[in-house]
Amino acid sequence: MPLQSDQELLYREPEPETDYSLFEQPEEQPDTSEREIFGWCLYSWSSEPFIVSVVGTYVPLLLEQLARDNGVLNSDRTTPCNPKKNPATPEPLPPQQPSPDSACVLPLFNGHYYVDTSSFALYTFSLSVLVQTLLVISLSGAADRGSHRKQILIVMGLLGSLFTIAYIFINDTQYYTASTLAVLANSCYGVANVCGNAFLPLLTKFHPELKKIPENDRSYIDKKGLISSKISGKGAATGYVSALIMQLLTMSMIVHLRKKKPHEIHVESEDTIWPIQVAISMVGIWWLLFQLPLKWLLQSRPGPPLEFHLHGTSTIINHLHIVRSYTIFGWSTLKHALNQTKDLKDISIFLLGWFIISDSLTTINSAAILFARSQLEMSTLALSVIGILTMVSAILGATLIPNVIQPKFNISTKDMLLYIIIWAALIPCWGILGFFTEKIGLRSPVEMYALSAWYGFALGGLATVSRSLYGLLIPPGQESIFYSVFSVTDKGSSILGPLIVGLIIDKTHNIRYCFYFLFGLLILALPIINALDVSRGMEEAKDLAEESGTIAV
């Protein structure tokens, strides 16, 4: 059936035979309680360690190690990279100046393709973000309409945690399985994250302090922003603390397992993947345990339902039709948002710049972890410390930049974003120095520790400043639509960055070359963001809101 007919079906007034039992009607919702805010913060507490510890540290290390354990030398593509040896015999260090012949490559699809062992993790994450993006768009309609938001949040959280726990069951030959679990778990997290964020405007709207103020009162918008920031800040802080605690716990477990003798952990080498598997599964158990109480702590908070004209009496067919309708609605909403964006020059400029910035900074994290592992021979424990340094610095950046640095030096939001880009560009620039000198330029673990703190400070500031700047450019009353475009832009960039870096590594078999690409992206973003006119953008947003008849509510 053509799309137009489907859209007519979605918005048609229901006829008498419509089965209303399959969706809830909009109704007056209860006031937001402290108990519900606690439940929303618990969602962040349960899932944030996944993105920080699992995606940010352990899964890239696990995939690279599995690829190396099953890889062959590129020189003849038959000699194993890590031949089985006596545990007392140490593995040779990789060459400090990688060459194509000495590179370790992983055969895929029965040897039809060979990829560098560092590229394998990058390709996996590129695929996982692609699947995540498609899934998020398809389910966004169900998250905004009807009473499915809470259900999807809980179900996707449970599935994501189970996929994460499942890492404990793989062995050192199942690199396909490990890659598939990464795609599935990351996709589930993405959907759960969108549904969780969708609760924020509702918790704000029905907050008892806000309901005391008439919507047409001049103080309403300011009060709404204050309450939203307060609730959002609680959730963010809760997530950061949870991630920090979990990172420390997993580090402790890794130290404990590393102290054991090989036969005590049923392995043949101290290079085993077992401690990483345990760390990943611990995060999955954490996610699962703290996800369960959301069923009792969060209200359903149903949105306005889609109106379905259902045919027949089969419950299965009707439910399939509802899923199909919600999926079409999600994609139609995205199309509408993109059409709206075309009318706003400065939002288009910002999104183009943000696509480039996000692409570079997201990929820097994965590339740096893999570089530290493959070139600097840093241990899993050392890389866990890097994760903690990055996280603590991100908290400092998110706090100091908007609350101290900007007001003290009277820096505009746009200029602050430009300074952060320059700050972040020094990271790949420092890696490039390694081509010209053997003393500095990511030649030692000490430099990696320092750059992780540098990177975290930029990341924390960027997250705060970018959303603040984007919020100034959004037409009042259309926040949900335009933040969905922001989210898709962010995720879309995370598909291309790892993919391109993976291709660079496969071509050169030297991960250091990717720093040229990442540095070039950040420099390219500078003139784009500089072309942004915030005053003009705010006027455009106001005019569009008046034309479409929307108001900030």
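Select Arg536 to begin: in this predicted model its relative accessibility is 29%, and because that value lies between the 20% and 50% limits, Arg536 counts as partly exposed. Now add Asp346 to the selection, since Arg536 and Asp346 form a salt bridge in which the closest N and O atoms are 2.7 Å apart. The pair links distant parts of the chain, with Asp346 in helix α11 (residues 345–374) and Arg536 in helix α17, 190 residues apart. Is Asp346 buried or exposed? With a relative accessibility of 0%, Asp346 counts as buried, whereas Arg536 is partly exposed.

Stay with helix α17, which covers residues 534–548, and move along it to Glu547. Glu547 has a relative accessibility of 67% and therefore counts as exposed, the limit for that class being over 50%. If you then select Asp343, Glu539, Asp543 and Glu546 together with Glu547, you have the members of a negative surface patch.

The next stop is another salt bridge, one of three that the structure holds. Select Lys211 and Asp31, whose side chains meet in a salt bridge at 2.7 Å, N to O. This pair too links distant parts of the chain, for Lys211 belongs to helix α6 (residues 208–211), while Asp31 lies in the loop between α1 (3–11) and α2 (34–69), 180 residues apart. Colouring by accessibility would show Lys211 as partly exposed at 39%, and Asp31 is likewise partly exposed at 39%.

From that loop, go on to helix α2 and select Glu64 and Arg68, which form a salt bridge whose closest N and O atoms are 3.0 Å apart. How far apart are these two in helix α2? Because they are four residues apart in the helix, about one helical turn separates Arg68 from Glu64. Glu64 is buried, with a relative accessible area of 2%, while Arg68 is partly exposed, with a relative accessible area of 22%.

Now turn to the strands, and display β1, β2 and β3 as a cartoon with the backbone atoms shown. Strands of a sheet pair through backbone hydrogen bonds, either parallel or antiparallel. Here three strands form an open sheet in the order β1-β2-β3, and the pairing is antiparallel. Strands β1 (72–73) and β3 (113–116) stand at the edges, each with a single partner strand, so one side of each has no neighbour in the sheet.

Centre the view on β2, residues 104–108, which is joined to β1 by two bridges. To see one of the contacts between these strands, select Val72 together with Val105, its bridge partner in β2. Towards the other edge, β2 and β3 pair in the antiparallel sense over four bridges, and Pro107 stands opposite Tyr114 in β3.

Where are the side chains that cover the faces of β2? Cys104, Leu106 and Leu108 lie on one side, Val105 and Pro107 on the other, and all of them are buried. Since five of the five residues of β2 are buried, the strand is largely enclosed by the rest of the structure.

Finish at the connection that follows β2, where β2 and β3 form a hairpin with four residues between them. Select Phe109 in this turn and inspect its backbone torsions, as its phi is positive, at about 55°.

Definitions and conventions. Residues numbered from 1 in each chain as written. Predicted model: local features only at pLDDT ≥ 70, side-chain atom pairs only at ≥ 80, totals over all residues. Heavy atoms only, no water. Patch = residues over 30% accessible without salt bridge, like charges linked within 9 Å, V, L, I, M, F, W, Y side chains within 5 Å. Areas by Shrake-Rupley, 256 points an atom, 1.4 Å probe, with all protein chains shown as cover. Salt bridge = Lys/Arg side-chain N within 4 Å of Asp/Glu carboxyl O. Lys, Arg positive; Asp, Glu negative; His and termini not counted. Charge placed at Lys NZ, Arg CZ, Asp CG, Glu CD. Buried < 20%, exposed > 50% of the residue type's maximum accessible area, 1.4 Å probe, protein only. Pairing = 2+ DSSP bridges.
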